[in-house]
Amino acid sequence: MTFSLVARCAKTGMFGIAISSSSPAVAARCSFARAKVGAVASQNITDPTLGPLTLDLMEKGLSAEQAIKNIQSIGKFIEYRQVLAIDTTGLTSIHSGPNSLGIWTQAEGKDVAAGGNLLSNDSIPQSIVNAFISSEGHIGDRLIAAMRSGLKAGGEAGPVHSAGMKIVDKMSWPIADLRCDWTTNCPIEEVATAWDVYKPQLDAYVQRAIDPREAPSYGVPGDD
């Protein structure tokens, strides 16, 4: 019921994940990223513990491939799970259990991996990967472009209702964590609209955390 990608910006070292599903609040349960470590999507009859566990393994020095192999050996009911990971070198690894739902498939490229289940066709992940690789600019823009490409290629077998995008940089918190938890419109476009609003202010919000004396105002009531 989900399609997603995990990605790395080779220029900045930022990690990002974008995800969409017919289920509600998919990004709250399935998207994980950690600065200077990597990004993970845990989906398909989701076990949310697999995201932090995979990141913990990579933080200890395992590659994405090694971490996924470890997850395959210790994860519960792993035959039902789909887990995508990317590490600090930009290398990726994917586990798709044989009990993944409907049409399920995956694709990998340098600095990006995509996967999905209950898809309308088996071309979706490759379309996502191609779009991320061919797009330019901020990793957030590239994540949006990739998700739009997956949707254009057919997306899920049914309508999607939730989506999210998370980006981490050098700080311990996500510099962007945008979600649409439920809509009867297109959740990917809802997140894209939120990104258009948030992107110009992103650096200022980071600066406010580092040193609020140097942060600009954005005209919010009480913010002068």
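**Exercise 1. A helix residue and its surroundings**

Task: Determine which helix holds Ile 128, and decide whether Ile 128 is buried or exposed.

Solution: Ile 128 belongs to helix α4, which covers residues 124-134. The structure is a predicted model, and every value that follows is computed from it. The relative accessible area of Ile 128 is 0%, and because buried means under 20%, this residue counts as buried. As a further step, one can compare sequence and space for Ile 128 and Ile 144, which are separated by 16 residues in sequence and by 9.8 Å from C-alpha to C-alpha.

**Exercise 2. The enclosed space**

Task: Find how many cavities of 30 Å³ or more the structure holds, and work out which elements line the largest cavity.

Solution: The search gives 1 cavity of 30 Å³ or more, and the volume of the largest cavity is about 50 Å³. Its lining is made up of Ala 18, Ile 19, Ile 144, Met 147, Ala 163, Gly 164, Met 165, Ile 188 and Val 191. When these residues are assigned to elements, at least two of them come from each of β2 (15-21), α5 (139-152), β9 (162-168) and α6 (187-198), and β9 gives the most, with 3 residues. The last step is to sort the lining by character, which yields 8 nonpolar residues, 1 polar residue and no charged ones. Ile 144, used for the distance in the previous exercise, is one of the residues in this lining.

**Exercise 3. The open pocket**

Task: Describe the residues that line the largest pocket, and identify which ring has the charged end of Arg 142 over it.

Solution: The largest pocket has a volume of about 180 Å³. Among the residues that line this pocket are Arg 8, Cys 9, Lys 11, Lys 110, Asp 111, Phe 132, Glu 136 and Arg 142. Sorted by character, the full lining divides into 6 charged, 4 nonpolar and 2 polar residues. Two members of the lining, Phe 132 and Arg 142, also meet in a contact of their own: the charged end of Arg 142 sits over the ring of Phe 132, at 4.0 Å from the ring centre. Cys 9, also part of the pocket lining, is nevertheless buried, with a relative accessible area of 7%.

**Exercise 4. Cysteines and disulfides**

Task: State how many disulfides a search of the whole structure finds, and explain why Cys 180 has no such bond.

Solution: The search of the whole structure finds 0 disulfides. A disulfide is a covalent bond between the sulfur atoms of two cysteines. For Cys 180, the closest cysteine sulfur is that of Cys 186, and because the two sulfurs are 8.7 Å apart, they are too far for a bond; the cut-off for such a pair is 2.5 Å. Cys 180 is itself buried, at a relative accessible area of 11%.

**Exercise 5. An aromatic pair**

Task: Count the aromatic pairs in the structure, and then classify the arrangement of the rings of Tyr 198 and Tyr 205.

Solution: The structure contains 1 aromatic pair. The ring centres of Tyr 198 and Tyr 205 lie 5.7 Å apart and the planes meet at 5°, so the pair is stacked, given that planes under 30 degrees apart count as stacked. Turning to accessibility, Tyr 198 is partly exposed at 22%, and Tyr 205 is likewise partly exposed, with a relative accessible area of 34%.

**Exercise 6. Positive phi in loops**

Task: Locate Lys 36 and Leu 118 among the loops, and give the phi of Lys 36 and of Leu 118.

Solution: Most residues other than glycine have a negative phi. Lys 36, in the loop between β3 (31-34) and β4 (38-43), has a positive phi near 65°. This residue is exposed, since its relative accessible area is 62% and the limit for exposed is over 50%. Leu 118, in the loop between β8 (112-117) and α4, also has a positive phi, near 50°, and at 29% relative accessibility Leu 118 counts as partly exposed.

How values were computed. Residues numbered from 1 in each chain as written. Predicted model: local features only at pLDDT ≥ 70, side-chain atom pairs only at ≥ 80, totals over all residues. Heavy atoms only, no water. 1 Å grid on protein atoms, 1.4 Å probe; cavity = no way out; pocket = protein on both sides within 12 Å on 5 of 7 lines; lining within 4 Å. Points joined across faces, edges and corners; volume = space filled by probe spheres on them. Helix = DSSP H or I, 4+ residues; strand = E, 2+ residues; numbered from the N terminus. Nonpolar A, V, L, I, M, F, W, Y, C, P; charged D, E, K, R; others polar. Phe/Tyr/Trp six-rings, centres within 6.5 Å; stacked < 30°, edge-to-face > 60°. Buried < 20%, exposed > 50% of the residue type's maximum accessible area, 1.4 Å probe, protein only. Lys NZ or Arg CZ within 6 Å of the ring centre and 35° of its normal.
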